[in-house]
Amino acid sequence: MLFSLESRPPVAEAPDAACIVGRAVDGAQAFDRGAVAEAFAMFVREGSLPVWKASDREATRVSRGGAVPAR
């Protein structure tokens with residue numbers, strides 16, 4: 001899992017803005033790990049930037065209200 005601060009979201013349809021992107025470099029199963037889930041929860045709780053999960057060609061925005069599919 002690689003977390004980064006990026007200047008635009010990982011999908012073209014989203015408005016340009018800074019965000020946190022968690023990329024599963026070893027496949028989407030990385031999102032199921034407890035430590036990874038807690039890392040995403042920490043960024044969401046902090047709340048100052050949108051948080052995205054990305055793996056392969058899929059990206060999902062994560063918010064306090066749950067995941068909002070982006071593609």
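**Close-up views of a predicted model**

Phe-43 is partly exposed, with a relative accessible area of 22% (buried is under 20%, exposed over 50% and partly exposed in between, using a 1.4 Å probe and protein chains only). Everything here comes from a predicted model, where local features need pLDDT of at least 70 and side-chain atom pairs count only at pLDDT 80 or more, while totals for chains, interfaces and linings use all residues. Residues are numbered from 1 along each chain as its sequence is written, and side-chain values use heavy atoms, with hydrogens and water left out.

**View A. Phe-3 and Phe-43 form a ring pair.** Ring pairs need centres within 6.5 Å; planes under 30 degrees apart are stacked, over 60 edge-to-face, and the rest tilted. The structure has three aromatic pairs. In this one the ring centres of Phe-3 and Phe-43 sit 5.2 Å apart with planes at 40°, so the pair counts as tilted. Phe-3 belongs to strand S1 and Phe-43 to helix H1, 40 residues apart, so to speak of distant parts of the chain being linked is fair (helices are DSSP runs of H or I with at least four residues, strands are E runs of at least two, both numbered from the N terminus). Like its partner, Phe-3 is partly exposed, at 27% relative accessible area. Ring pairs also tie Phe-3, Phe-31, Phe-40 and Phe-43 into a cluster.

**View B. Strand S3 has S2 on a parallel pairing and S4 on an antiparallel one.** Strands pair when DSSP finds at least two bridges between them. Four of the five residues of S3 (residues 51–55) are buried, so the rest of the structure largely encloses this strand. S2 (residues 19–23) joins S3 through four bridges, and Val-21 has Trp-52 as its bridge partner there. From S2 the chain passes through H1 (residues 34–46) to S3 in a right-handed β-α-β crossover (clockwise from the first strand over the helix to the second, with the strands pointing away from the viewer). Five bridges connect S3 with S4 (residues 58–63), where Thr-60 partners Lys-53. Two residues lie between the strands of this hairpin, and Asp-56 has a positive phi near 55°.

**View C. Nine residues make up the largest nonpolar core.** A core here is a set of buried Ala, Val, Leu, Ile, Met, Phe, Trp, Tyr and Cys residues joined through side-chain atoms within 4.5 Å. Among its members are Ile-20, Phe-31, Phe-40, Val-51 and Val-62. H1 supplies the largest share, three residues. A second, separate core has seven residues, including Ala-14, Cys-19, Val-21 and Trp-52.

Technical notes
Phe/Tyr/Trp six-rings, centres within 6.5 Å; stacked < 30°, edge-to-face > 60°.
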